[in-house]
Amino acid sequence: MTPEAASYLLSPPALAFLGLCIGSFLNVVIHRIPLMLERGWKLDSAEMLGVTIEPPAEISLAKPRSRCPSCGHAIAWYENIPVLSYLRLGGKCSACKTRISARYPLVEVLTGLLFAATAWRFGAQPTTLLWCGFVAALVALAGIDWDTTLLPDNLTLPLLWAGLVSAALGWTVPLGTALWGAVAGYLSLWSVYWIFKKATGKEGMGYGDFKLLAALGAWLGVQMVLPIVLAASVLGAVVGIAMKMGGGLREGRYVPFGPFLAGAGIVVMLAGPARVLGWLGWA
Ligand SMILES: [Zn+2]
């Protein structure tokens, strides 16, 4: 590929378009991974208990085809074009006219904007695509955690390994800072969890949060772990208080921490370590 072609394909507009399409796929990931996990848990539990259950319907990221959750209308390819189809259909199912959640186009637009920002930050080089993959994984994790308060191992652990391998190959940060970033990410939240649990008898977060922060440390380096935790805690507290006051949070429910960790990770990636340390006055 000529450098001109590469700079065109990796330009912010081109990656915004790619992001819209990937965002459409992330909607499927956010919706289906929890269902796939639940199905696996049911089958495993039944096997362990030695009981026979009606096997839950098979589901994967590819099958079955997307359907309207209200009427079961199979969604045609031309009804599945990012953002445009939503606008063309007026936000309603073409068969039963039930409203389609505005979250679908929002996830698509968000992913498009984040991919464009990533292209702007890293320029026309192959690692831009690598960072887009990092962003896509974080959008999926944030969506799943927001819906279900789960951060599935089958996303957090590959993200952690991918961060370490990318560092070892010289594509991201030096391997040492990636390795210690992963360790610091995991242990810092693990310690907070145990102190909080001993002090209050409650669980303030889950093991998924430790693994997600370990992954962020592996991608962004050990220096960025504390800024990410600080930013995520402040944002999480503000949103939690706002939701409690607005009545958006049921009693006994808590705001998941994962979306804020993921958001802080993306901000730190886009800003770069020098600027982040400058903001904190630690430069
Ligand atoms: Zn319908």
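Student: What span should the 20 residues of helix α4 (residues 103-122) have at 1.5 Å a residue, and how do you know whether the model agrees?

Tutor: The expected span is 1.5 Å times one less than the number of residues, which for α4 comes to 28 Å. The end C-alpha atoms of α4 are 28 Å apart, so the two agree. This is a predicted model, where local features need pLDDT of at least 70, side-chain atom pairs count only at pLDDT 80 or more, and totals for chains, interfaces and linings use all residues. Residues are numbered from 1 along each chain as its sequence is written, and side-chain values use heavy atoms, with hydrogens and water left out.

Student: What makes a stretch a helix here, and how many helices does the chain have?

Tutor: Helices are DSSP runs of H or I with at least four residues, strands are runs of E with at least two, and both are numbered from the N terminus. By that count the chain has eleven helices and zero strands.

Student: Which residues of α4 are called buried?

Tutor: Among them are Val 107, Leu 114, Phe 115 and Phe 122. Buried means under 20% relative accessible area, exposed means over 50%, and partly exposed is in between (1.4 Å probe, protein chains only). The buried residues of α4 pack against α2 (12-49), α3 (84-88), α5 (127-148) and α10 (258-271). Over the chain, 39% of the 283 residues count as buried.

Student: What makes an atom a donor to the zinc ion, and which residues supply one?

Tutor: Donors are N, O and S atoms within 2.8 Å of the metal (3.2 Å for Na, K and Ca); water is not among the atoms, so sites may look incomplete. The SG atoms of Cys 68, Cys 71, Cys 93 and Cys 96 sit at 2.3 Å, so they pass that cut-off.

Student: Why is the zinc site called tetrahedral?

Tutor: Four donors count as tetrahedral if all angles lie between 85 and 135 degrees. The angles here are 105 to 115°, so the site earns the name. Cys 68 lies in the loop between α2 and α3 and Cys 93 in the loop between α3 and α4, so this pair ties together parts 25 residues apart in sequence. Both Cys 68 and Cys 93 are buried, too.

Student: And how do you know how compact the chain, with its eleven helices, is?

Tutor: The radius of gyration is taken over C-alpha atoms, and the globule rule is 2.2 Å times the number of residues to the power 0.38. For 283 residues the rule gives 19 Å and the chain has 20 Å, which is close, so the chain is as compact as a globular protein of that length.

Methods: Contact means heavy atoms within 4.5 Å. Four donors count as tetrahedral if all angles lie between 85 and 135 degrees; four count as square planar and six as octahedral if opposite donors are over 155 degrees apart and all others between 65 and 115; anything else is irregular.
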